[in-house]
Amino acid sequence: MKNKLSILLTAVILLLIYTGVRLMESGGVLLPYHVQILSLCCINVILVVSLNLINGFTGQFSIGHAGFFAIGAYLSAYLTVKLQVPFVPALICGGILAGITGLAVGLPALRLRGDYLAIATLGFGEIIRVIILNTNAVGGARGFSGIPKYTTFGLAYLTAIITVVAIRNFVSSDYGRACLAVREDEIAAASLGVNSTYFKVLAFSLGAFFAGTAGALFSHYLQYMAPTPSQIGFLKSIDILIMLVLGGLGSITGSIVAAVVLTVLPEFLRGFAEYRMVIYPILLIAVMIYRPAGLLAGREFSLDSLLNLFKGARTRVDHS
Amino acid sequence: MSTTAELMVNNLSVQFGGLKAVDQVSFALQPQSLAGLIGPNGAGKTTVFNALTGLCPVTGGEISFNSERLTNEPPHAIARCGIARTFQNIRLFKNLTVLDNLRIAYHKNRQYSLLCGLFRSPRFRREEAQITAKAKDVLALVDLADKADHLAGSLPYGEQRRVEIARALMLDPKLLLLDEPAAGMNPQETTALLELIRRLRDELQITILLIEHDMKLVMNLCEKLFVLDYGHLIATGDPKSIQSNRRVVEAYLGGNLA
Ligand SMILES: Nc1ncnc2c1ncn2[C@@H]1O[C@H](COP(=O)(O)OP(=O)(O)O)[C@@H](O)[C@H]1O
Ligand SMILES: [Mg+2]
């Protein structure tokens, strides 16, 4: 009963946020520029939550997430621009190709551990970027321009919700528990019948799939893709990683909060242009000193606990 | 089928570089028997368990379980065949709750598909409810029903050992391997453990092989003992004959066997 209530409440709140944005947009309170930033927030939420599945829940330290993002961005743009494919199928194709690449890269790379895996994924991301840089069909070094603006706030918002719900459901299922077991103790997990390679690769390619959809949303949001480190290379990967660590590994709500805050914050800091690159790192360092495990430190913020707080009831939230 | 042994170990050898940790060891376990593997520190007992569960490479010999060849199969496949174990240096998922530790171990029996999980289908909900119910039942079996929501790492040592046994039981094993289950327990806990192990064998009708240094527990509990020394199996028999076995007494340096 309580479960149903909180699902309903979540749905109502999500709908209210959407209509709120829409009303403020038509009322002129939010400028198109603001709505753009909100779309970017949704795209980053998808990136951070999907990276959390790999790094946070499965414990495989990947820093090549931008590679999957790039695959989705470029493939979907190629499909809509060159082949006139409608956007939603193009977005799904972008996700699928990223997922398949995740499978192909994950199978050999996930045999590596810790630092070695991090370096291998970093290398993978750069390889993708160099391939794009040398592919004339997608603009090569000049960049890919003339991409139609198909990404609306509504679509980005919906995709983000689907991603969050899917990953939340995944981690609370037996599949996600197997990933947690691999993260916590691979030997114990194996002795319980968990095929650790299978679940590492599964989490990796599922995360890659969602990163690919985020890429598709991004290229049809910016309408121009440049094969630079900051847009699809290691700097982008590091950006996503910073959001993840700030929100807390293993916390989905933490990832959402961090993605939104770290997307909006630089825009606020635009006014202090010359101090921006000082304030941003100082904030990060402060958070890491006072909350070393991230803002939410592996815990989840939930409506259930909020409801309980209101009722004054201190019962535990059960699992099912 | 005839009354063949459930577990057959034939000339098992495990070599680490130049060290023969286990050397040509052969033994067999009958279904629903309760046996002990003993020997001085470093004799190779844990290595035998690791070989049986696929956690270290077997360099010679054969292992078969219910006529299935298990030699050098990966650990997750061996677990699926019905062999579960605990570890000498407890390997619980310390940052997860006791209940989640047990729910993870249901893994091999899970039926629902990935899509059912992603969409939380009715089938998913039904099976998850069953998993939780089963985990609670198994916890009750080891007397830890009230600890379900505690973090596994926060429990006292003796309770962690029981959680690890419960987690292994979630696999519905036919053979349970316990590596020093009484280590770190006080005398009362050890007595309770002895009764628990006996009850598990009788009620669940499983085969149990345990490694233990507490000779009182071993002699009271086990029907059959295998004694290892420097990787060699030096004696096999019932507790009485082992106690009076000259080679065994020598191996323990006339130690605390009586
Ligand atoms: N993974 C390993 N690599 C190298 N040597 C090992 C390894 N595991 C165990 N050994 C060695 O094998 C011998 C037997 O160890 P072990 O099986 O743990 O003994 P026991 O459990 O009887 O005390 C010891 O000498 C130990 O140092
Ligand atoms: Mg040992």
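Start by selecting the magnesium ion, ligand 2: Thr46(B) coordinates it through OG1 and Gln88(B) through OE1, at 2.0 to 2.1 Å. Donors here are N, O and S atoms within 2.8 Å of the metal (3.2 Å for Na, K and Ca), and sites may look incomplete because water is not among the atoms.

Before moving on, please note that this is a predicted model, in which local features need pLDDT of at least 70 and side-chain atom pairs count only at pLDDT 80 or more, while totals for chains, interfaces and linings use all residues. Residues are numbered from 1 along each chain as its sequence is written, chains are lettered from A and ligands numbered from 1 in the order in which they are written, and side-chain values use heavy atoms, with hydrogens and water left out.

**Around the ion**

Now colour the two coordinating residues. They link distant parts of the chain, 42 residues apart: Thr46(B) belongs to helix α1 (residues 45–52) of chain B, and Gln88(B) to the loop between β6 (83–85) and α3 (98–104) of chain B. Helices (H or I, at least four residues) and strands (E, at least two) are DSSP runs, numbered from the N terminus. Are these two residues buried or exposed? Thr46(B) is partly exposed at 24% relative accessibility, and Gln88(B) is partly exposed too, at 33%. The scale calls a residue buried under 20% relative accessible area, exposed over 50% and partly exposed in between (1.4 Å probe, protein chains only).

**The open sheet of chain B**

Next, show chain B as a cartoon and look for four strands in the order β2-β1-β4-β5, which form an open sheet with antiparallel pairing. At its edges stand β2 (19–29) and β5 (68–69) of chain B, each with a single partner strand, so one side of each has no neighbour in the sheet. Two strands pair if DSSP finds at least two bridges between them. Inside this sheet, select β1 (residues 7–16) and β4 (residues 60–65) of chain B, which are antiparallel and joined by five bridges. For one of these, pick Leu7(B), whose bridge partner in β4(B) is Phe65(B). Then step to strand β2 of chain B and find Gln24(B), which has a positive phi of about 50 degrees although it is not a glycine. Most residues other than glycine have a negative phi.

**A hairpin and its parallel partner**

Move along chain B to β9 (residues 224–229) and β10 (residues 232–237), an antiparallel pair with five bridges. Asp229(B) stands opposite His232(B) in β10(B). The two strands form a hairpin with two residues between them, and Tyr230(B) in the turn has a positive phi of about 45 degrees. How many residues of β9(B) are buried? Five of its six are, and the strand is mostly covered. Now add β3 (residues 34–38) of chain B, which runs parallel to β9(B) and is joined to it by four bridges. Here Gly36(B) has Leu225(B) as its bridge partner.

**A long step across chain B**

Select Ala133(B) in helix α5 (residues 122–141) of chain B; this residue is partly exposed, with a relative accessible area of 40%. Draw a distance from its C-alpha to that of Asp214(B): the two lie 34 Å apart in space and 81 residues apart in sequence.

**Over to chain A**

Colour chain A by its domain assignment, with domain 1 (1–30) and domain 2 (39–319); such bounds come from an automatic or database domain assignment. Their centres, taken over C-alpha atoms, are separated by 24 Å.

Then find Gln223(A) in the loop between α9 and β2 (224–225) of chain A. Gln223(A) has a positive phi of about 65 degrees without being a glycine, and is partly exposed, with a relative accessible area of 32%.

For the last stop, select Lys236(A), Asp239(A), Leu262(A), Pro266(A) and Arg276(A), the residues nearest the centre of the second largest pocket among its 21 lining residues. Which helix gives the most to this lining? Helix α11(A) does, with five residues.

Terms used:
On a 1 Å grid over the protein atoms alone, a cavity is a set of points where a 1.4 Å probe fits but cannot get out, and a pocket is an open set with protein on both sides within 12 Å along at least five of seven lines; lining residues have an atom within 4 Å of a point.
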